[in-house]
Amino acid sequence: MTSFLHRVPLVLALSGAALAQAGDWAEWRGPDRDGRSPERGLPGSWSVAGRNLAWKAPYGGRSTPIVLGDRLYLQGAATEGGTRHERVVCLDADTGTRLWEHRFNLDDTESPHAGGSSPAGDPATGDVFALGAGGTLLALDPWGKVRWERSLVEDFGLVTTGRMASPVVDGDLVIVSGVAAGWGAQAPASHRFFAFDRKTGATVYVAATGGSPRDTSDAPPVIGSVGGVRLMIAGGGDGAVHAIKPATGEPVWSFAMGTRGPSSGALLAPGNVAVVSHGGESGEPGLLAAIDAAASGPLGRTDVRWSIPGFRAGSSAPVLDGNRLYQIDAGGHLFAFDAASGRQLWVFKLGSARATSPVLADGKLYVGTDNGRFLILKPGPAGATVLDSEPLGTERSPEPILASVAVSSGRVYLTTAVATYCIGRKVAAVEATRDPLPAGAEPATHLQVSPTELSLTPGDRVQFVVRLFDAQGRLIREEPKAAWALEGLEGRIGSSGQYSSAGRSPQAGAVKATFGGLSGAARVRVIPALPWRWDFENGAVPPQWVNATGRFAARETGGAKALVKLADSPLPDRAHVFMGGGHLANYTVEADVLARERQRRMGDAGVVAQRYQLVLLGDAQKIGLQSWQPATAPSGHVSFAWKPETWYRLKLRVEKEGAAVRARGKAWPTGDPEPEAWTLERLDPTPNLHGSPGIYADAPAEVVFDNVKVTANGASPVAPFSPAPQPAGPGAASLFEYDRSLPLDLQETSASARDGVDVRDVTFASLSGQRTAAYVVAPEGPGRSRPAVLFVHWFAPKEKDSNRTQFLEQARELARRGVVCLLVDAMWSDSSWYFSRDPAQDHDRSIEQVRVLRRALDVLLARPDVDPGRVAFVGHDFGAMYGAVLAGVDPRVNAGLALQAGTTSFADWFLLSAKLTGDARQEYIGKLAPLDPVLYVGKSKAPVLFQFAKEDPYVPKANADAFFAAAAEPKQIHWYDAGHGLSEQAVRDRQDWLATRLGLPAQSAAP
């Protein structure tokens, strides 16, 4: 058996090939999203003792596993030492061996729904997408590396109760849904669909259903074609089931089933029929119905083919077997109905109060129960025959089965609450039948502007794209000739759709595009760097705040205006408000809070920083400190007398401490001197690494906030080791774009050759009319498929090699072994550069330097002898920092990234001499923060080697550790008994590492 790990590099090299196989079970309901599999020869019986059991692994959960190629993925909760996480586990589908596990933080709630949604796989790339109970959406590559991450709570105001619908992958989109209350026009709460670019995580659209939600919903969506229109159908928090066009988010129809959010999935059946069900949640009476899926608008009785009122479907989804429809009710009964009329054919008692969704494959039904019994049934026109009924666990301690099975390559994969079982023998995969995405045709009826829902800082640049779709929701083309305009935003929008943000105050607006009578818009917030202050004297709720409009009002309170959490809002009492900047870390939030009393009850009020929360509990008369999304009883609390109608000052400081994060909180009567001691402290060994500042209220009566302030803790207010912070997303990456059509104009100044190595002194046209000097060091004579290395030197003005000569001898050594090297002069090659530069230009010159390095890659790859699949980078000091950014935005650095004595933030070194203090200093830090190397190193696709010196006066160990932590696997870190210049041993280690990464022959072999 060839493992997936060894197969992937070959597959990646094949143009257009898929990482996964035809027999994949890539989503919750299988290849066609209908709970059926085309597999044959599947087992009709098995036993835990070993008959037909391929393997058992000690990894369980609530969600259905998925299978891509020979990898199986599970999502679930993990609790160790009192710490709870959610996790995605990757197992070898042939052996059950754990290949990797990725954990991410849960909140402090004890939600039974943790790990309840199933992951979704992308057969084209092998990537996996998981939506956590706390609203975190993750994209993981086949090796477990985080490609991107989104916090739906902070970005969109997603309401989290733990019930999360499973994601779906459709074309280039990952789509999830949930109840959310955002900003601007999306401030009113609604069940919304969120579509993200599967490669980058950029938001493509947000679509609202329109109904007023009373609940959340974990009903998983299904996608299929109805009358030539591609539809996505899913239940919503308003008790209805909705159909939208998945490529655009345009609503098509909705069908009201109840008032609470359903849990059961829908089914698309022949004849343009959608089978929908509801009931069993929160006292809903229940309904099973077949409706006309080709209709539009709000559907009524005339659109119902048949219905069974009172049928309580619970969380089970139906499955179709020819003209028979199988559905399980909340009482654990399997029903068979005539699919055309809804007439009941028979009922079979499964023996449990609840059951999972049945899977139909090879003429058999596979279904588990929550009392730990797994059944294989042979359904027929008059009833079902039990082929096998296997109890799992023991009578006193059964293994609950809350997940449906996955079927792939002749095997049935069953997950219980405590383990996963692989049943059957492996056979050749069976081709799935999922329809390809059809091409669109004129005329266009919908214009989409993407990306959208962006949170930018002044100076960011974003390239927007216009896409045109037809009435069937099919993509026609990208349109380059749209007209662009800004609404409520400062800055500049070019004719090509590139937006450059500007301004010193927060903004919330839109980038609009029009073409051929159609228009569309992307929503954008521009939020300046810290510090932030609000006193609400302008009488307005900050428009860029998430989940504030409609729930808060700025009005007169005690002679001054303040922000009031409304007690008459139709929404729930509890509200998290986020100010923006989900990438931020290492900062302090302060606010004055006041609570009013109603019927002898007081509410709760608090502040949020980096996903930690300091909250005053009015009824309990306590103060608590916990992760966000608090439980009723916070994880850390002490008594605190909080009087109604009295102002108190809250202060929450969160900062990195080694590999952990320390959160400190205090409260005192406003106007009194601030106490020196912190009231509460929490050292979190599994920290929240970044997060938006915010405020929190949970109040039957009004809670009032005033004088809100957010300040950096003196360091760069950026996540020190975030795998995918917002500023390094689609907006920031475009900062480093350049005109690749400009000629390189490579000019040679001199050349020399000795010992089989050719050294040429050259210059090339960088950008802005400038030229860059470089050495090209290569083996003499013609060659092909040679590896290449780009070297960037350090800044050491008192050293003669503070320029491209630094790595010259090492480049010669590599050239003797067959490597082409390019050594460039960076902007700091002038020894007077650092002390004579204008700090106001550091931001723009840093961007320019990265672009120049991208041009250097152009120079290397323009050589016919260079292998584009084996390109590495080596950088020291500033060279390491700019190299980390380069590798994060340019995937051509693919073989290795060797970083020596670099630090996480440009401000760490630029501010060593700049005489900036107070707000000017913080503004400078904030402006440079989106460029910091720590944000980009984790995006590099190349293995990383870090080299640090134990006696380095410029790179504290904490910074080095944070830099290393931010990088993705595979990575190494080496420490040396040396100063900032490192040592000869470091050189030898790096050369050996490069030889391995570039696949060089042994030292004794001929070059």
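This is a dialogue on reading strands, a helix, single residues and aromatic pairs in a predicted model.

Biologist: Where should I begin with the strands, and how does strand E8 pair with strand E7?

Modeller: Begin with the bridges, since E7, residues 120–121, and E8 pair in the antiparallel sense over two of them. Alanine 120 has phenylalanine 129 in E8 as its bridge partner. The two strands form a hairpin with six residues between them, and in that turn glycine 126 has a positive phi of about 85 degrees.

Biologist: Which residues are bridge partners between E8 and E9, and how many bridges join these strands?

Modeller: E8 and strand E9, residues 136–140, pair in the antiparallel sense over four bridges, and leucine 131 has leucine 137 in E9 as its bridge partner. This hairpin has four residues between the strands, and glycine 135 takes a positive phi near 90 degrees.

Biologist: Are the faces of strand E8 covered or open?

Modeller: Both faces of E8, residues 128–131, are covered, for Val128 and Ala130 on one side are buried, as are Phe129 and Leu131 on the other.

Biologist: What is the order of the strands in the open sheet that holds E16 and E17?

Modeller: The order is E15-E16-E17-E18-E22, an open sheet of five strands with mixed pairing. Its edge strands are E15 (222–226) and E22 (297–298), each of which pairs on one side only. Within the sheet, E16 (residues 229–235) and E17 (residues 240–244) run antiparallel and are joined by four bridges, with isoleucine 233 standing opposite alanine 243 in E17.

Biologist: What should I look at in a sheet of three strands, such as the one with E35, E38 and E39?

Modeller: Look at the order, the edges and the turn between neighbours. The order here is E35-E38-E39, in an open sheet with antiparallel pairing. E35 (446–450) and E39 (475–478) are the edge strands, each pairing on one side only, and neighbouring strands of this sheet are turned by 25 degrees against each other on average, direction ignored. E35 and E38 run antiparallel and are joined by five bridges, and serine 450 has valine 465 in E38 as its bridge partner.

Biologist: Why does arginine 467 count as buried, and what does its side chain contact?

Modeller: Arginine 467, which lies in strand E38 (residues 465–469), counts as buried because its relative accessibility is 19%, and the cut-off for buried is under 20%. Its side chain makes a polar contact with the side chain of serine 450, at 3.5 Å. Not counting residues up to four places away in sequence, arginine 467 touches several others, including Val204, His446, Arg477 and Glu478.

Biologist: Where is glycine 603 found, and is glycine 603 buried or exposed?

Modeller: Glycine 603 is found in the loop between strand E51 (601–602) and strand E52 (604–609), and at 1% relative accessibility it counts as buried. Leaving aside neighbours within four places in sequence, glycine 603 is in contact with residues including Arg596, Leu616, Trp642 and Asp698. The C-alpha atoms of glycine 603 and leucine 616 are separated by 8.5 Å, although the two residues are 13 residues apart along the chain.

Biologist: How many residues of helix H7 are buried, and what is its reach?

Modeller: H7, residues 878–889, has 12 residues and reaches 17 Å from its first C-alpha to its last, close to the 16 Å expected at 1.5 Å a residue. Of its 12 residues 12 are buried, so H7 is largely enclosed by the rest of the structure; among them are Phe878, Met881 and Tyr882.

Biologist: What describes a pair of aromatic rings?

Modeller: Such a pair is described by the distance of the centres and the angle of the planes. The count here comes to 39 aromatic pairs. In one, the rings of tyrosine 326 and tryptophan 346 have centres 5.9 Å apart and planes at 40 degrees, so the pair is tilted. Tyrosine 326 lies in strand E25 (residues 324–328) and tryptophan 346 in strand E27 (residues 344–349), so the pair ties together parts that are 20 residues apart in sequence. Both tyrosine 326 and tryptophan 346 are buried.

Biologist: What are the distance and angle for tyrosine 834 and phenylalanine 835?

Modeller: Their rings lie 5.1 Å centre to centre with 80 degrees between the planes, an edge-to-face pair. Tyrosine 834 counts as buried at 7% relative accessibility, whereas phenylalanine 835 counts as exposed at 62%. Ring pairs link both residues into a cluster whose members include Phe795, Trp828, Phe878 and Tyr882.

Conventions. Residues are numbered from 1 along each chain as its sequence is written. This is a predicted model: local features need pLDDT of at least 70, side-chain atom pairs count only at pLDDT 80 or more; totals for chains, interfaces and linings use all residues. Side-chain values use heavy atoms; hydrogens and water are left out. Buried means under 20% relative accessible area, exposed over 50%, partly exposed in between (1.4 Å probe, protein chains only). Two strands pair if DSSP finds at least two bridges between them. The expected span of a helix is 1.5 Å times one less than its number of residues. Contact means heavy atoms within 4.5 Å. A polar contact is a pair of N or O atoms within 3.5 Å; within protein, one must be able to donate a hydrogen and the other to accept it, and residues adjacent in sequence count only if both atoms are side-chain atoms. Axes are lines fitted to C-alpha atoms, for helices over the stretch in contact, and angles run from 0 to 180 degrees between N-to-C directions. Rings of Phe, Tyr and Trp (its six-membered ring) pair if their centres lie within 6.5 Å; planes under 30 degrees apart count as stacked, over 60 as edge-to-face and the rest as tilted.
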